[in-house]
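Subject: Handover of a protein structure

Dear colleague,

Please find below the structure that I am passing on to you. My findings follow it, and I would be grateful if you read them with the structure open.

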Amino acid sequence: MNQKRNLFFRKSIGLLLSFALVFSAAAFCGCSNNAEISQFVTTAADADTVQDATEYSSSVVPLSRNGVELHLERLTVKNTSPERNILLAHGVTYSSHEFDVDYKDYSLVRFLAREGYAVWRLDIAGFGRSGEVKDGFISDSDYAAEDINAAVEKIVSESGQNKIDILGWSWGTVTASRSVIKNPGHIGKLVLYAPILSGIGEYEVTEDFHHNTWEHAADDFQYASEGVFDYSITEPEMIEMFCSSCWHYDGEQSPNGGRRDICVDKSEKLIDLSKITVPTLVICGSNDPYLNYDLVNASLDSLPDGSKLEIINGGAHVIMYEKLYYREFQSELIGFLK
């Protein structure tokens, strides 16, 4: 593990040094306007995206279920006492750190905190900073839904607020939906971000743990051509920081129970939208390779009054970190929640 981690950070440092060398060479040669060079440096068009200077307060709240210590973290703007709470449910491979890449003003956690929320993040059993599971298939979608419900009950108890909102991303839409369907009493609104409404394709998952790699962590970002990220959509620093966090918090492996659940035929529905009884926002990009857009476009036919569908043209699976689209994503999200 340590050897691989050192190799990863050498790779990361090498990439950042490459940016510096390319920029220096461009300046020396008088070719800083070259289109290839512009992929590697922040342009003047990004000048309005500045580092978030707000101060925050973070705390970890003890929570356990089935003998596993679960990581439940709360973040607020410092010296505030929010009356609104939202819980974020992570995807199938990497844990809740994904929502809080602290680069410029991209972090979804910090954005919601600035909008007046106490923002809660849960790592499902076996993921991230939660306790380990011996069998990675245990942490499947239904098991994760019970972890989420335990977190909801804890948040209600800690905050004194009877209703909270939930946002699920990717596999988190499956787990959050199942939790809300079974235990809707404390839920105000539900957000299904990049919803996995049906199987993503039949594939036999034989190993109970997934082998994590830098390449896999980066694979959700959009590419300009084979093996080349589209830096007009996502800043290189964002990709690097996102992948570094995946390695730091999730290491070499993650439970595969959820992956086994979603790697089924595309005709198999994973979320029964007709059983959701709270107002729901379905939000995604138009270029997400994992989504069944026939089901996405028809989602409002099954959801309760007050629900909304928003498809952001050009965005993909990590739209919350795509510089062309993240502000529209944030605007649509907070508009629905408020």
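I begin with the cysteines. The closest cysteine sulfur to that of cysteine 246 belongs to cysteine 243, and at 5.9 Å the two are too far apart for a bond. A disulfide requires two cysteine sulfur atoms within 2.5 Å, so the pair does not qualify. A search of the whole structure accordingly returns 0 disulfides. Cysteine 246 counts as buried, with a relative accessibility of 2%. Cysteine 284 also counts as buried, at 1% relative accessibility.

Please bear in mind that the model is a predicted one.

Next comes the protein as a whole. Its secondary structure consists of 10 helices and 12 strands. The protein has 338 residues, and 53% of them count as buried. If one takes the contacts between residues at least 6 apart in sequence, 77% of them join residues that are at least 24 apart. The area that the protein exposes is about 15000 Å², and 49% of it is supplied by carbon and sulfur atoms.

I then turned to the pockets. Rolling a probe the size of a water molecule over the atoms shows where empty space is left. The largest pocket has a volume of about 410 Å³. Which residues lie nearest its centre? They are Val92, Thr93, His216, Arg259 and Tyr290, and the lining as a whole comprises 19 residues. Divided by class, the lining of the largest pocket contains 9 nonpolar, 6 polar and 4 charged residues.

The second largest pocket holds about 250 Å³ of space. It is lined by 14 residues, and those closest to its centre are Gly126, Gly128, Glu132, Asp250 and Gln253. Helix 7 (236-250) supplies at least two residues of this lining, and so does strand 10 (253-255). By class, the lining of the second largest pocket has 5 nonpolar, 6 polar and 3 charged residues.

Three residues in loops also deserve your attention. Tyrosine 106 is located in the loop between strand 3 (84-89) and helix 3 (108-114). Is tyrosine 106 buried or exposed? Its relative accessible area is 1%, under the 20% cut-off, and therefore tyrosine 106 is buried. Tyrosine 106 and glutamine 330 are separated by 224 residues in sequence, yet their C-alpha atoms are 9.3 Å apart in space.

The other two residues concern the backbone angle phi. Most residues other than glycine have a negative phi. Serine 170, however, has a phi near 60°, which is a positive value in a residue other than glycine. Serine 170 is found in the loop between strand 5 (164-169) and helix 5 (171-182). With a relative accessible area of 12%, serine 170 is buried.

Alanine 194 likewise has a positive phi, near 55°, and is not glycine. Where does alanine 194 lie? Its place is in the loop between strand 6 (187-193) and strand 7 (209-211). Alanine 194 is buried as well, with a relative accessible area of 1%.

Yours sincerely,
A colleague

Note on methods: Residues numbered from 1 in each chain as written. Predicted model: local features only at pLDDT ≥ 70, side-chain atom pairs only at ≥ 80, totals over all residues. Heavy atoms only, no water. Helix = DSSP H or I, 4+ residues; strand = E, 2+ residues; numbered from the N terminus. Buried < 20%, exposed > 50% of the residue type's maximum accessible area, 1.4 Å probe, protein only. Contact = heavy atoms within 4.5 Å. Areas by Shrake-Rupley, 256 points an atom, 1.4 Å probe, with all protein chains shown as cover. 1 Å grid on protein atoms, 1.4 Å probe; cavity = no way out; pocket = protein on both sides within 12 Å on 5 of 7 lines; lining within 4 Å. Points joined across faces, edges and corners; volume = space filled by probe spheres on them. Nonpolar A, V, L, I, M, F, W, Y, C, P; charged D, E, K, R; others polar.
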